[in-house]
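The exercises below ask you to read a protein structure step by step, with a worked solution after each task. Please keep the sequence and the structure in view as you go.

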Amino acid sequence: MKLQIFKTVILTLSIAVVLFFGNKLILQTESFNQNFKLFSYSLETIYTVLCVFSVIILVTLLIVNSRNKDVVGLTYLLITSIKAGIIIFIFSDIISSSNKNTVERINFFIVFILFLAIETLITIRLLNKKQ
């Protein structure tokens, strides 16, 4: 169990680091650099918060899976919904319509969707695993 949690955390962190550096390289290009300097939250902050939430969600799902595999899907939906609400509250400056930096808004939603995809794929792998 502990090994599976460790592997999942390492996989999530590895993917997040690769995505972070790729995103940072893209945003530092000449066409995005001016907008990148005006971001409300640093890219590091966004990735850290989303990565922490993803790790918490995945560890929780692994624990739930070890106790009762039948409720893993429902747990995932509940925790992901709570996460979305908290993220919207935390990053409301980015999401609000008063934010004129569309690059920041689009970047935030892409990063949010990428972390959601990571969680979903790992959850699917967990649900399809034979016991």
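A residue is called buried when its relative accessible area is under 20%, exposed when that area is over 50%, and partly exposed in between. The model used here is a predicted one.

**Exercise 1.** Decide whether lysine 83 is buried or exposed, and find which residues it touches.

Solution. Begin by placing the residue: lysine 83 belongs to helix H4. Next, take its relative accessible area, which is 1%, and because this falls under the limit of 20%, lysine 83 is buried. Finally, list its partners: when residues up to four places away in sequence are not counted, lysine 83 touches Leu50, Phe53, Ser54, Ile57, Phe112, Phe115 and Glu119.

**Exercise 2.** Establish how many salt bridges a search of the whole structure finds, and describe the partners in each.

Solution. The search of the whole structure yields two salt bridges. One of them joins glutamate 119 to lysine 83, with the closest N and O atoms 2.7 Å apart. Since glutamate 119 lies in helix H6 (residues 102–128) and lysine 83 in helix H4 (residues 72–90), this pair ties together parts that are 36 residues apart in sequence. As for accessibility, glutamate 119 and lysine 83 are both buried.

The other salt bridge is formed by lysine 24 and glutamate 44, and here too the closest N and O atoms are 2.7 Å apart. This pair links distant parts of the chain, with lysine 24 in helix H1 (residues 2–27) and glutamate 44 in helix H3 (residues 43–67), 20 residues apart. Lysine 24 is buried, its relative accessible area being 18%, whereas glutamate 44, at 36%, counts as partly exposed.

**Exercise 3.** Describe how H3 and H4 pack, stating the angle and the distance between their axes, and then examine the residues that meet.

Solution. Two packed helices are described by the angle between their axes and by the distance between those axes. For H3 and H4 the angle is about 160°, and the axes are 10 Å apart. Because angles over 145 degrees count as roughly antiparallel, H3 is roughly antiparallel to H4. The crossing of these two helices is right-handed.

Turning to the contact itself, the H3 side includes Val49, Leu50, Phe53 and Ile57, while the H4 side includes Tyr76, Ile79, Lys83 and Ile87. Sorted by class, the contact of H3 with H4 has 12 nonpolar, five polar and one charged residues.

**Exercise 4.** Find out where leucine 19 lies and which residues it is in contact with.

Solution. Leucine 19 is found in helix H1, and with a relative accessible area of 24% it is partly exposed. Leaving aside neighbours within four places in sequence, leucine 19 is in contact with Tyr47, Leu114 and Ile118. A further pair to inspect is leucine 19 and valine 111, which are 92 residues apart in sequence and 8.5 Å apart in space, C-alpha to C-alpha.

**Exercise 5.** Summarise the whole protein: how many helices and strands are there, and what share of the residues is buried?

Solution. The protein has six helices and zero strands, which gives the pattern α-α-α-α-α-α along the sequence. Its C-alpha atoms fill a box of roughly 50 × 25 × 20 Å, taken along the principal axes. Of the 131 residues, 36% are buried. Among contacts with a separation of 6 or more, 74% are between residues 24 or more positions apart.

Note on methods:
Residues numbered from 1 in each chain as written. Predicted model: local features only at pLDDT ≥ 70, side-chain atom pairs only at ≥ 80, totals over all residues. Heavy atoms only, no water. Salt bridge = Lys/Arg side-chain N within 4 Å of Asp/Glu carboxyl O. Helix = DSSP H or I, 4+ residues; strand = E, 2+ residues; numbered from the N terminus. Buried < 20%, exposed > 50% of the residue type's maximum accessible area, 1.4 Å probe, protein only. Axes fitted to C-alpha atoms, helices over the stretch in contact; angles between N-to-C directions. Parallel < 35°, antiparallel > 145°, perpendicular 65-115°, else oblique. Left-handed = near helix turned anticlockwise from the far one by under 90°. Contact = heavy atoms within 4.5 Å. Nonpolar A, V, L, I, M, F, W, Y, C, P; charged D, E, K, R; others polar.
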